[in-house]
Amino acid sequence: MTEPAVVVEDVSKKFRLYKERNNSLKSAIMRGRRAVVEDFWALKHVSLEVPKGETFGLVGENGSGKSTMLKCMTKILRPDEGRISVEGKISALLELGAGFHPELSGRENVYLNGAILGLSQKEINRRFDEIVDFAGIGTFIDEPVKNYSSGMYVRLGFSVAINVDPEVLLVDEVLAVGDEAFQRKCAEKFADLKHEGKTIVLVSHAMSSVQSICDRVAWFEHGHLRMIGEPRDVIEEYTGNVHVDREVDGDGLRWGSGQIRLTDVELLDGQGRAGTSVRTGERCTLRIHYDAPEPVTEPGFAFFFNTINGMPVTGPNSVAAGCVPDKLEGQGVVEITVDPLKILPGTYDLTVFVADHTLLHEYDHRQNWLRFDVERGSIREDWGVVSISPHWKVGEMEGGT
Amino acid sequence: MTTVAEYRSSRELFTNLTLRELRSMYKRSFLGWAWSMINPLANTLVYTVVFAYFFRLKPTPGHPSGLTAYALYLLPPMLTWNFFQTGIMSSVGGLIGNGNLIKKSYFPRELLPASAVASTLVSHFIEMGVVMVVMLAYGNFYALLYSPFTVLIILLAAVFSLGLGLGLGVLNVYFRDIQYFLTILFLLWMYGTPIIYPNNTVMYRVVNGVNHVRYLPGTHVSLFAVMKINPMTEMELLLRQTMWNGTHPDWMQLLYFAAWAFAALGIGLMVFRRFEGRLAEEL
């Protein structure tokens with residue numbers, strides 16, 4: 001166990017929600033000094049520890065307290081209860097280019113922003129070229145930043161922040177800045193920082209990047225720390241929970257005009273057993289039960305599934321396959337067989353819908369209806385989500401060079 | 001809590017923030033820094049016409065400098081008053097204006113008022129340098145001789161300004177009335193300080209060429225003694241000594257002014273520390 005870089009002990013943070021705010025002396029005096037205030041606890045008794053060199057993710061829905069936590073770590077907000085201690089130099093990427101002055105040149109702003117982040121004049125001198133290079137600003141560096149495109153603005157902000165050489169880097173949702181090339185540079189830079197043993201605390205909604213970057217993840221819910229652990233476990237719980245939450249709400253999971261209703265779904269594995277798991281490389285059958293009280297002409301069925309991080313995997317439909325009945329009435333079953341299943345092991349969410357033949361007017365749509373696992377099987381690959389069943393040849397080829 | 005490294009990086013940031021203020025001060029204006037001198041000169045012109053020409057107010061001639069020009073009497077304390085007032089106002093405005101910086105990054109918050117005052121101080125020194133040249137042109141070499149004291153007085157005014165800027169600035173985040181209230185306060189305060197009218201007009205009433213001391217109505221307390229409670233009157237007297245008369249400052253007055261300045265700084269810092277914790281939420 002390495003020593004901790006960030007220690008959060010029993011921290012609570014309360015915000016005042018002003019119902020009637022004493023923004024003027026008059027109202028303060030008239031109301032006897034007391035503003036009408038309602039307390040809102042953004043964080044409640046949160047304790048956690050981030051060891052040195054760890055990349056730590058904070059996830060949760062909007063308003064769950066994760067950004068408040070990050071701001072408390074940077075000392076921008078002061079917790080009402082509890083203590084936070086951070087070992088080493090902090091750099092925070094909360095909003096890029098927050099301190100930029102529009103009338104000043106990029107150069108002047110780099111020095112200013114660097115100083116805000118705790119760099120000395122000498123250190124900035126030394127890194128200046130690197131910063132400008134990384135941002136890809138070029139000759140614009142001596143232009144006032146108000147003439148920058150929003151992309152240049154953010155890139156320069158990011159470049160300064162990342163070149164501060166912090167021991168602890170706190171990042172709030174800023175990974176998705178700039179074009180693809182810049183994003184790739186950022187990802188590389190993060191990997192470098194991680195490799196150098198820097199501590200990174202990251203707030204993000206992008207589950208796939210959280211899963212790939214973080215060593216551990218904490219899940220916040222309504223200001224409480226709900227769960228902390230391996231990214232895979234926490235994200236699975238979290239995304240599952242988000243879905244369940246919405247199901248309770250009612251409409252979120254299911255919509256449609258109702259001419260045909262999807263009543264049940266079954267997943268059968270290679271042995272014909274119904275369940276929620278199938279094997280990669282084996283036969284797999286999906287059975288969708290429907291009920292059409294009135295006759296419906298030319299309906300189309302479709303399903304798709306995503307990884308639990310929300311990445312689309314595939315989405316076939318009966319219209320594209322040329323399987324459109326003229327008319328459908330009463331109860332029935334749609335059976336889709338896949339043999340062999342070329343999806344690699346993992347957990348997936350299945351969505352099914354039935355619509356008219358254009359697939360635009362939905363009769364019934366069941367979002368994330370079934371969560372199922374693809375287990376290990378005859379396909380021995382483990383990269384990505386699909387196999388393309390490649391044929392391999394190694395060695396000298398006829399007619400080759 | 002304040003480590004050496006934190007102190008050093010704060011100093012760097014302070015310099016940078018001050019430079020930012022200075023650089024952006026007259027950006028995109030054609031005359032640039034000349035404006036910092038044009039405004040007071042316009043004021044001087046107006047006041048000279050109104051007070052020296054229409055009202056025929058004459059300051060007591062400077063001794064030993066021998067100066068008699070009303071404009072030279074007016075300029076040094078008026079410029080320092082302007083500096084004092086601008087320092088406070090830009091501290092107060094600076095906390096609101098830099099709201100985004102406060103909400104999105106951490107640094108010692110005191111640096112914002114401090115850099116606001118510091119940048120105003122720099123431009124004030126430039127203005128006073130120009131005034132000094134004029135003084136020399138009028139043959140007032142005493143002003144140059146005693147200029148270290150002038151610098152000291154200005155620095156004390158800066159301390160005073162910072163103290164008020166810190167306290168009022170942080171309170172203004174909670175009660176935005178303060179900035180409007182300050183405009184009125186400064187108007188009253190300036191006219192309550194003998195800056196644009198000469199001291200002798202408050203001290204004496206001239207009847208048949210004889211000076212009669214002015215008293216507070218119905219008492220035997222001299223009006224000027226009451227005005228001297230106002231620390232800015234002391235500032236004005238001190239500057240008239242070093243810049244107009246060309247003498248060293250009155251030590252007791254200097255001490256009195258310094259006491260006010262540092263008391264203001266102490267209280268201002270206390271208030272600032274007390275309320276800065278929730279700045280990021282209130283902005």
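Helices and strands here are runs assigned by DSSP, with at least four residues for a helix and at least two for a strand, numbered from the N terminus. Counted in this way, chain A has eight helices and 18 strands. Please keep in mind as you look around that this is a predicted model.

**Chain A as a whole**

Chain A runs to 401 residues, and 36% of them count as buried. Its contacts often link parts of the chain that are far apart in sequence: among contacts with a separation of 6 or more, 73% are between residues 24 or more positions apart.

**Three helices of chain A**

A good place to start looking is a set of helices in chain A. Two packed helices are described by the angle between their axes and the distance between the axes. The table gives both values for two pairs.

| Helix pair | Angle between axes | Distance between axes |
|---|---|---|
| H3(A) (residues 106–116) and H4(A) (residues 121–135) | about 120 degrees | 11 Å |
| H4(A) and H5(A) (residues 150–162) | about 140 degrees | 8 Å |

Angles over 145 degrees would count as roughly antiparallel and those from 65 to 115 degrees as roughly perpendicular. H3(A) and H4(A) are therefore oblique to each other, and H4(A) and H5(A) are likewise oblique. H3(A) and H4(A) cross in a right-handed way, and the crossing of H4(A) with H5(A) is right-handed too.

Which residues bring H3(A) and H4(A) together? From H3(A) come Val110(A), Tyr111(A) and Gly114(A), and they meet Ile124(A), Phe128(A) and Ile131(A) of H4(A). This contact of H3(A) with H4(A) has five nonpolar residues, one polar residue and no charged ones.

Ile131(A) turns up again where H4(A) meets H5(A), together with Phe134(A) and Ala135(A). On the H5(A) side, their partners are Arg155(A), Leu156(A), Ser159(A) and Val160(A). Sorted by class, the contact of H4(A) with H5(A) has five nonpolar residues, one polar and one charged.

**The nonpolar cores**

In soluble globular proteins, nonpolar side chains tend to be buried together. In this model, the largest nonpolar core has 133 residues. The residues with the most contacts inside this core are Leu58(A), Leu170(A), Val201(A), Leu202(A) and Ala157(B), so both chains are named in that list. The element that gives the most to this core is helix H3 of chain B (residues 70–97), with 13 residues. Apart from the largest core lies another, of 24 residues, including Ile260(A), Val278(A), Leu328(A) and Leu350(A).

Leu202(A) is worth a closer look. Setting aside residues up to four places away in sequence, Leu202(A) touches Thr55(A), Phe56(A), Gly57(A), Leu58(A), Val171(A), Ile213(A) and Cys214(A).

Is Ile213(A), one of those partners, buried or exposed? Ile213(A) counts as buried, because it has 22 C-beta neighbours inside 10 Å. Ile213(A) sits in helix H7 of chain A (residues 207–213). Beyond its neighbours within four places in sequence, Ile213(A) is in contact with Thr55(A), Phe190(A) and Leu202(A). From Ile213(A) to Lys194(A), 19 residues apart along the chain, the C-alpha atoms are separated by 9.0 Å.

**Where the chains meet**

The contact between the chains takes 26 residues from chain A and 22 residues from chain B. On the chain B side, helices H1 (4–25), H4 (99–104) and H13 (279–282) each supply at least two residues. H1(B) gives the most to this side, with seven residues. By class, the side of chain B that touches chain A has six nonpolar, six polar and 10 charged residues.

**Local details to look for**

Two cis peptide bonds can be picked out. One runs from Asp339(A) to Pro340(A), with omega near -5 degrees, and Pro340(A) lies in the loop between strands S16 (327–338) and S17 (346–356) of chain A. Another joins His63(B) and Pro64(B), with omega about 10 degrees. Pro64(B) belongs to the loop between H2 (35–54) and H3 of chain B.

That loop between H2 and H3 of chain B also holds Arg56(B). Arg56(B) is not a glycine, yet its phi is positive, about 55 degrees. With 7 C-beta neighbours inside 10 Å, Arg56(B) counts as exposed. In chain A, Asp10(A) has a positive phi of about 50 degrees, although it is not a glycine either. Asp10(A) is placed in strand S1 of chain A (residues 4–20), and it counts as exposed with 12 C-beta neighbours inside 10 Å.

Terms used:
Residues numbered from 1 in each chain as written. Chains lettered and ligands numbered in written order. Predicted model: local features only at pLDDT ≥ 70, side-chain atom pairs only at ≥ 80, totals over all residues. Contact = placed C-beta atoms within 7 Å. Nonpolar A, V, L, I, M, F, W, Y, C, P; charged D, E, K, R; others polar. Axes fitted to C-alpha atoms, helices over the stretch in contact; angles between N-to-C directions. Parallel < 35°, antiparallel > 145°, perpendicular 65-115°, else oblique. Left-handed = near helix turned anticlockwise from the far one by under 90°. Core = buried A, V, L, I, M, F, W, Y, C linked by C-beta atoms within 7 Å. Buried ≥ 20, exposed ≤ 12 C-beta atoms within 10 Å, placed from the backbone.
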